[in-house]
Protein chains: 2
Amino acid sequence: MARVPMGEVQPSEPSPEASEIPGELAERIRRRGGRATIYDIAELAGVSPSTVSRALSKPGRISAKTEARIRDAASRLSFRINPMARALPTGRSQTLALLVADITNPVVFGIVRGAEHEAARAGYTLVVAESQESGETEAETTSRLMPSVDGIILASTRLSDDAIRLTAARTPVVLINRAVSEVDSVLPDVEKGVAELLNHLHALGHRSIVYLAGPQISWVSGRRWESLLDSSEALGMAIVEIGPTTPTIDGGRGALRRVLASKSTAAVAFNDLIAIGLMQAAARQGVEIPGELSVAGFDNVFGSELMCPSVTTVGSELEQAGRRAVRVLLARLGGDDVEDASELLDTELIVRESTGPPRDV
Amino acid sequence: MARVPMGEVQPSEPSPEASEIPGELAERIRRRGGRATIYDIAELAGVSPSTVSRALSKPGRISAKTEARIRDAASRLSFRINPMARALPTGRSQTLALLVADITNPVVFGIVRGAEHEAARAGYTLVVAESQESGETEAETTSRLMPSVDGIILASTRLSDDAIRLTAARTPVVLINRAVSEVDSVLPDVEKGVAELLNHLHALGHRSIVYLAGPQISWVSGRRWESLLDSSEALGMAIVEIGPTTPTIDGGRGALRRVLASKSTAAVAFNDLIAIGLMQAAARQGVEIPGELSVAGFDNVFGSELMCPSVTTVGSELEQAGRRAVRVLLARLGGDDVEDASELLDTELIVRESTGPPRDV
DNA sequence: TTGTAGGCGTTATCAA
DNA sequence: TTGATAACGCCTACAA
């Protein structure tokens, strides 16, 4: 805080004790837009640029005194390392990409938040991009992003297994909600939640179920169907799959007729959005829920609780999925062992108002 | 598609007609991880690297024939420019940052989507980060991101005017939902929507209103309050402001008691989330909505329509806000005139079920 | 522990 | 129109 009066010191002779920056240096930095480089620090601290580089990037491999002097100089110049300049020799941008099918789908909020926080915690930056449910857009976006990120997280990807393996061969990839051999993935324990759901429906008295599938290309939709099939067989319930459906509220709205046509007493939708749409259409047509039709969804999305009746759903740990995907990616990048990559994320049934006993039982 | 049989041509002599790559070159590229550089293209096309650079970055300033040859070579090597390498001399990363207070707040979905699409359309990458409603985190994130982006969009920022001006002085900044002199911003036409809302409430018979404010630091909350004040004065209605409240469902839940204590017949919440929380708390306490209390929110967030009763709200063009913020930023970067930056985004009242005539009128 | 020198892939300046 | 050549800011052998 003590300011040295101008002119009392020779500005040309930098004195490490004074909190003042030689005019010439200051001028040079100013002209450069205020951004100091390691050369400036080196000059101010009276060492070589490489020493500065070492001090800043791998602390400890340098004499404590020198390091302190360098840190001091760096902060006096409010130095911020230039990520691009660092990325050039290292090939590392400290950036991760997260690709989602639809940014406005509430399912991704949790994933994005978890991933962003975990990335920031590790000093990484997260780029979020949207494929709009299109494999083509996704492929394009992926290859556009690839050169500038160190790794990619594919959430609910619409790519083919081969396409995924191909990009995984060029850059580290972690999948969320999709399994492909040889590629890391973060998966929910679908079986558990589905079993809970079907037990619930069975206990209510339902014996026939219709599964309203998501997009044809959706791997999760397939998984959920398989699980439902297993569970319903075990319980001796009838089940049919109809679809595919766009995984949006609109998609759900358009599917009511086919659902009713199945004469099932309960409908399980691929996700909450579809379930909500289905319920809205039902309300409009005077179909009582859950009296005439029980409805359940997946994901425990924001809004499923607000809906009336509120939506019974199989929730999973979205935020956790995002966090773990980043951790797995960083572990790969660091050459570390990939943690519990194969461990499934917990999943659980959340019973709300959209499921109840079938009227005619 | 016609493949030249191996060995029929001298691999050392690249022939532009053949779709084949000299072994030595291919080998070098392979060793580098498959990523070709402009040097590789230069070699393959028989020109100098600088010519390649020109051909690829500013098409037209080169002979058509040479350019074609270069493009051909580039695609044969499936060349992708290295963004970091380009960023070094130009100082441009082709990346924009979008800072939001809370990623899981549905208000931001639209903004993020609009911004992401507009950015992608212009060949830019969008980085999304969250400040978690904290000015400190926001300042830190901003300065962390600053060196690696060409511009920053601050949506619902929690920074002080001075802090904003300071960062705007170092890097292009566009504000969404916040006005600060000398800084570009994208703003909604608050007055219009608020006037519509108060006219609606007045017509229903309400004469006393309570405004449940958002965070103290929220500029929008202040703007909304000012507007409400203006409109209610004009209509001769009583109005009081209470708060501040966390702009979440939980925040709204906790505010019911104070709202009821005001004895107003209608509550206007800072945003839909607060309105929803308020309504949930009311339902739990048996307070009938809209019979005993009318409730309205802002933003027309996903979920406000699902809630029951569904929420009357003042909606604004979120996606449009994101798009325009990016456009303004890019215009600044390009030195172009900033378009309709001062033009306000439309805002409109969406009447739903949470507002109705007060019971005792 | 520190400094020297060369390279990362691109753009930009200046000649040719 | 094209080609050398020198940045851009940092990292990293290698040498001292």
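**Figure 1. The surface near DNA strand D in this predicted model, sorted by residue class.** Welcome to the first close-up, which looks at the protein residues around DNA strand D. The residues of this surface divide into 11 nonpolar, 10 polar and five charged. Of the 26 residues around DNA strand D, the ones that come nearest are A:Ile38, A:Ser53, B:Thr51, B:Arg54 and B:Thr66. Among the atoms of DNA strand D that come within 4 Å of the protein, 63% are accounted for by sugar and phosphate. At least two residues of this surface come from each of helix H2 (38-45), H3 and H5 of chain A, and from each of H3 and H5 of chain B. H5(A) gives the most, with five residues.

**Figure 2. Polar contacts to DNA strand D.** Here we zoom in on individual atom pairs. B:Arg54 reaches a base: a polar atom of its side chain lies 2.7 Å from a base nitrogen of DNA strand D. Phosphate is the partner of B:Thr66, where a side-chain N or O atom is 2.5 Å from a phosphate oxygen of DNA strand D. The side chain of A:Arg86 also has an N or O atom beside the strand, 3.3 Å from a phosphate oxygen of DNA strand D.

**Figure 3. The surface near DNA strand C.** Now we turn to the other strand of this set of views. A:Ser50, A:Thr51, A:Thr66, B:Tyr39 and B:Ser53 come nearest of the 27 residues around DNA strand C. Sorted by class, this surface has 11 nonpolar, 11 polar and five charged residues. Sugar or phosphate holds 61% of the atoms of DNA strand C within 4 Å of the protein, and the rest belong to bases.

**Figure 4. Phosphate contacts of DNA strand C and the helices behind them.** Take a look at A:Thr51, whose side chain places an N or O atom 2.4 Å from a phosphate oxygen of DNA strand C. With A:Ser63 the backbone takes part, as one of its N or O atoms lies 3.0 Å from a phosphate oxygen of DNA strand C. B:Asn82 likewise uses a polar backbone atom, 3.3 Å from a phosphate oxygen of DNA strand C. The elements giving two or more residues to the surface near DNA strand C are helix H3 (49-57) and helix H5 (83-90) of chain A, along with helix H2 (38-45), helix H3 (49-57) and helix H5 (83-90) of chain B. The most comes from H5(B), with five residues.

**Figure 5. How chains A and B are related.** A turn of 180 degrees and a shift of 0.0 Å along the axis lay chain B on chain A with an RMSD of 0.1 Å. The two copies are therefore related as by a two-fold rotation axis. Both copies use the same surface, since 100% of the contact residues of chain B recur in chain A.

**Figure 6. An open six-stranded sheet in chain B.** In our last view, the strands run in the order E7-E6-E8-E9-E10-E11, with mixed pairing. Strand E7 (238-242) and strand E11 (347-350) of chain B are the edge strands, each pairing on one side only. On average, neighbouring strands are turned by 20 degrees against each other, direction ignored. Strand E6 (residues 208-212) of chain B pairs with E7(B) in the parallel sense over five bridges, and B:Tyr211 stands opposite B:Glu241 in E7(B). Helix H10 (residues 219-235) of chain B packs on the sheet, touching E6, E7, strand E8 (266-269) and strand E9 (294-298) of chain B. The direction of this helix makes about 165 degrees with that of E7(B).

Methods. Residues numbered from 1 in each chain as written. Chains lettered and ligands numbered in written order. Predicted model: local features only at pLDDT ≥ 70, side-chain atom pairs only at ≥ 80, totals over all residues. Heavy atoms only, no water. Near = heavy atom within 4 Å. Polar contact = N/O pair within 3.5 Å; in protein donor to acceptor, adjacent residues only side chain to side chain. Helix = DSSP H or I, 4+ residues; strand = E, 2+ residues; numbered from the N terminus. Nonpolar A, V, L, I, M, F, W, Y, C, P; charged D, E, K, R; others polar. Least-squares fit on C-alpha atoms with pLDDT ≥ 70 in both. Contact = heavy atoms within 4.5 Å. Pairing = 2+ DSSP bridges. Axes fitted to C-alpha atoms, helices over the stretch in contact; angles between N-to-C directions.
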